[in-house]
Amino acid sequence: MKQKKPYPFPTSVTISLEDSLPGTSMEQAIRELIRLCPPTEIPVSTCSAAKSILKPHRQRFYDAQRLEYSSAEICGLPALFTLHRIDTDTIPDGIYRYEISGCDDIYSTVKIAPDILTNFLGTLLVAENLISDCQKCRVIPPGDLDVIGRSESLDEWRFLYGI
């Protein structure tokens, strides 16, 4: 049986409140942790000083124009899917961005909303508004969301569908 390699990054961090003031050695330790660990692997801390230092490093938003997407279909409409969060300022007019929330995968019932805080699975771009003004989110049943997997850029997709 193949042995697991030890996890290369710290799995927990203990921060005491007296060490959480700016300029202390604790702040330097947190910044060193950020430097050594991938941003998504940094443990969440209950210390407010650590949260303020870690927050900009944990959640990254990407430029919609620079990403490669998987072609998708939602409720019969063509869409683009990515595993990344997208900066809304980089999305062209006429394109709607929805973040997907669900349990383990996009092939079970999922929820779409403009902003998802928990259980983020990815982001969809579509050319039509899928959520009415009186709704905050929309539940998408299995079968109404399909990721086809063909790689496309946003410009290629817009050209293909005349958007």
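# A walk through the predicted model

Tyr 161 sits in helix α3, which covers residues 154-161. That is where our tour starts, and one thing should be said at once: what you are looking at is a predicted model. Tyr 161 has a relative accessible area of 40%, so it counts as partly exposed. Together with Leu 160 and Ile 163, Tyr 161 makes up a nonpolar patch on the surface, and the accessible area of these residues comes to about 270 Å².

Now let us step back and take in the whole chain. The protein chain holds three helices and nine strands. Following the sequence, you meet them in the order α-α-β-β-β-β-β-β-β-β-β-α. Of the 163 residues in the protein chain, 36% are buried. The accessible surface amounts to about 10600 Å², and carbon and sulfur atoms account for 53% of that surface. How do the contacts spread along the sequence? Taking contacts between residues at least 6 apart in sequence, 62% join residues at least 24 apart.

Next, the charged side chains. Side chains of opposite charge can pair when their charged atoms come close. How many salt bridges does a search of the whole structure find? The search finds five. One of them joins Glu 99 and Arg 85, whose closest N and O atoms are 2.9 Å apart. Because Glu 99 belongs to strand β5 (residues 96-101) and Arg 85 to strand β4 (residues 85-86), this pair ties together parts that are 14 residues apart in sequence. Are these two residues buried or exposed? Both Glu 99 and Arg 85 are buried.

Strand β5 takes part in another salt bridge, this time through Arg 97, whose side chain meets that of Asp 115 at 3.0 Å, N to O. This pair also links distant parts of the chain, since Arg 97 is in strand β5 while Asp 115 is in the loop between β6 (110-113) and β7 (120-126), 18 residues away. The two partners differ in how they are covered. Arg 97 has 11% relative accessibility and so counts as buried, whereas Asp 115, with a relative accessible area of 54%, is exposed.

A further salt bridge brings together the side chains of Glu 152 and Arg 150, with 3.6 Å from N to O. Glu 152 is buried, at a relative accessible area of 5%, while Arg 150 is partly exposed, at 42%. Which residues are joined into one network by salt bridges that share partners? They are Arg 85, Arg 97, Glu 99 and Asp 115.

Arg 85 has one more thing to show you: it lies over the face of Phe 120, 4.0 Å from the ring centre. As for rings paired with other rings, the count comes to one aromatic pair.

Let us move on to residues whose backbone angles catch the eye. Most residues other than glycine have a negative phi. Cys 75, however, has a phi near 50°, a positive value in a residue that is not glycine. You will find Cys 75 in the loop between β2 (69-74) and β3 (77-82). With 28% relative accessibility, Cys 75 counts as partly exposed. Asn 119 is another non-glycine residue with a positive phi, here about 55°. Asn 119 belongs to the loop between β6 and β7.

Strand β3 is home to Phe 81. Why does Phe 81 count as buried? Its relative accessibility is 9%, and buried means under 20%. Between Phe 81 and Ser 70 there are 5.1 Å in space, C-alpha to C-alpha, although the two are eleven residues apart in sequence.

Our last stop is Thr 109, in the loop between β5 and β6. Thr 109 is partly exposed, having a relative accessible area of 42%. Which residues does Thr 109 touch, leaving aside its neighbours within four places in sequence? Thr 109 is in contact with Val 139, Ile 140, Pro 141 and Pro 142. The C-alpha atoms of Thr 109 and Asp 144 are separated by 9.0 Å, with their positions 35 residues apart along the chain.

Technical notes
Residues numbered from 1 in each chain as written. Predicted model: local features only at pLDDT ≥ 70, side-chain atom pairs only at ≥ 80, totals over all residues. Heavy atoms only, no water. Patch = residues over 30% accessible without salt bridge, like charges linked within 9 Å, V, L, I, M, F, W, Y side chains within 5 Å. Areas by Shrake-Rupley, 256 points an atom, 1.4 Å probe, with all protein chains shown as cover. Salt bridge = Lys/Arg side-chain N within 4 Å of Asp/Glu carboxyl O. Helix = DSSP H or I, 4+ residues; strand = E, 2+ residues; numbered from the N terminus. Buried < 20%, exposed > 50% of the residue type's maximum accessible area, 1.4 Å probe, protein only. Contact = heavy atoms within 4.5 Å. Phe/Tyr/Trp six-rings, centres within 6.5 Å; stacked < 30°, edge-to-face > 60°. Lys NZ or Arg CZ within 6 Å of the ring centre and 35° of its normal.
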